[in-house]
Amino acid sequence: VFGSLMTIVNLIFKPGLVTVLLPLAAAVFSGLLFFYALHGQRPYVAKILFLIFIDFIFFPLGWITTAGSLSSMPYYSVLFLIVTFLLIEYQYEYAVPVLFMTFAIFLMYAEIRWPSLVSRYEPTYSTTFTAVGHYIIVAAFIGIIFTILLQRFMDVQSGFERNHTRDELTGLYTRSYGIKEL
């Protein structure tokens, strides 16, 4: 969904072939990995491949083929970082977001040190709308992620509250709940 929305925004506002094909390829690859994660033997491999792809292949290619820090890629770096943190299951996986942030900082440094590395385009009316469109997409996805996390938190909290107020075996109120209510 994310890659498809990026492709649509790029088709509307930027005629560059790479800026259209890159998100489309990301959407197809992510969809294949999602299918493999659901139906494959090892969903963990799909998750790791997705993290490597989005953080170390898609992001740098997007940074280099757009205007770098002048484009919408800084917004996407925040979104990718949030997604990366959400997919962490094991302690050693915390190395992935640290490496990603190191890589993003290097891209910012490289953009200043070697300006010809990043393709520049003149800021135009359509470029402004492209950045706004990408910002809206990123903000919407971050909002969806936080809404899902908040709902999960509230479900877990209500489960704790339910377990604290009622006995699991009988379903009756616990003594501590009765004393608190009195």
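User: In this predicted model, why are Lys47 and Glu93 both called buried?

Analyst: The term buried is reserved for residues under 20% relative accessible area, and Lys47, with a relative accessible area of 11%, falls under that limit and is therefore buried. Glu93 is placed in the buried class together with Lys47.

User: What makes the contact between Lys47 and Glu93 a salt bridge?

Analyst: The criterion is a side-chain nitrogen of Lys or Arg within 4 Å of a carboxyl oxygen of Asp or Glu. The closest N and O atoms of Lys47 and Glu93 are 2.9 Å apart, which is within the 4 Å cut-off, so the pair counts as a salt bridge. This pair links distant parts of the chain, with Lys47 in helix H3 and Glu93 in the loop between H4 and H5, 46 residues apart.

User: How do you know that Lys47, Glu89 and Glu93 belong to a network?

Analyst: A search of the whole structure finds two salt bridges. Besides the contact with Glu93, the side chain of Lys47 meets that of Glu89 at 3.0 Å, N to O, and this value also lies within the 4 Å cut-off, so the contact qualifies as a salt bridge. Glu89 is in the loop between H4 and H5, and 42 residues separate Glu89 from Lys47 in helix H3. Lys47 takes part in the bridge to Glu89 and in the bridge to Glu93, and the three residues are accordingly linked in a network of salt bridges.

User: Is Glu89 buried or exposed, and what makes it so?

Analyst: Glu89 has a relative accessible area of 51%, and because the exposed class begins over 50%, Glu89 is exposed.

User: Why is the pair of Phe85 and Tyr94 called tilted?

Analyst: A pair of aromatic rings is described by the distance of the centres and the angle of the planes. Twelve aromatic pairs are found in a search of the whole structure. For the rings of Phe85 and Tyr94, the centres are 6.3 Å apart, which satisfies the limit of 6.5 Å, and the planes are at 50°, neither under 30 degrees nor over 60, so the pair is tilted.

User: What makes Phe85 and Tyr94 partly exposed?

Analyst: The partly exposed class lies between the buried limit of 20% and the exposed limit of 50%. Phe85, at 43% relative accessibility, falls in that range and therefore counts as partly exposed, and Tyr94, at 45%, is assigned to the partly exposed class as well.

User: Which residues do ring pairs link into a cluster?

Analyst: Ring pairs join Phe29, Phe53, Phe58, Phe59, Trp63, Tyr76, Phe80 and Phe100 into a cluster. Phe58, Phe59, Tyr76 and Phe80 are also among the residues with the most contacts inside the largest nonpolar core, which has 23 residues.

User: Which elements give two or more residues to the largest nonpolar core?

Analyst: The contributors at that level are H2, helix H3 (43–65), helix H4 (73–86), helix H5 (95–113) and helix H6 (125–165). Of these, H3 gives the most, with seven residues. In soluble globular proteins, nonpolar side chains tend to be buried together.

User: How do you know that the charged end of Arg166 sits over the ring of Tyr173?

Analyst: The charged end of Arg166 is 4.1 Å from the centre of the Tyr173 ring, which meets the distance limit of 6 Å, and because a charge is said to sit over a ring only if it also lies within 35 degrees of the ring normal, the assignment implies that the angular condition holds as well.

User: Why is Leu21 eligible for a nonpolar surface patch?

Analyst: A patch takes residues with over 30% relative accessible area. Leu21 is found in helix H2 (residues 17–39), and its 45% relative accessibility is over that threshold, so Leu21 passes the accessibility test while counting as partly exposed. The patch is formed by Leu21, Leu24, Val28 and Leu32, with about 360 Å² of accessible area together.

User: What makes Leu51 and Ala67 buried?

Analyst: Leu51, which lies in helix H3, has a relative accessible area of 3%, under the 20% limit, and is therefore buried. Ala67, in the loop between H3 and H4, is at 3% relative accessibility and so also counts as buried. Across the chain, buried residues make up 32% of the 182 residues.

How values were computed:
Residues are numbered from 1 along each chain as its sequence is written. This is a predicted model: local features need pLDDT of at least 70, side-chain atom pairs count only at pLDDT 80 or more; totals for chains, interfaces and linings use all residues. Side-chain values use heavy atoms; hydrogens and water are left out. Rings of Phe, Tyr and Trp (its six-membered ring) pair if their centres lie within 6.5 Å; planes under 30 degrees apart count as stacked, over 60 as edge-to-face and the rest as tilted. Buried means under 20% relative accessible area, exposed over 50%, partly exposed in between (1.4 Å probe, protein chains only). Patches are made of residues with over 30% relative accessible area and no salt bridge: like charges are joined within 9 Å, nonpolar side chains (Val, Leu, Ile, Met, Phe, Trp, Tyr) within 5 Å. Accessible areas come from the Shrake-Rupley method with a 1.4 Å probe; for residues, only the protein chains shown count as cover. Helices (H or I, at least four residues) and strands (E, at least two) are DSSP runs, numbered from the N terminus. A nonpolar core is a set of buried Ala, Val, Leu, Ile, Met, Phe, Trp, Tyr and Cys residues joined through side-chain atoms within 4.5 Å.
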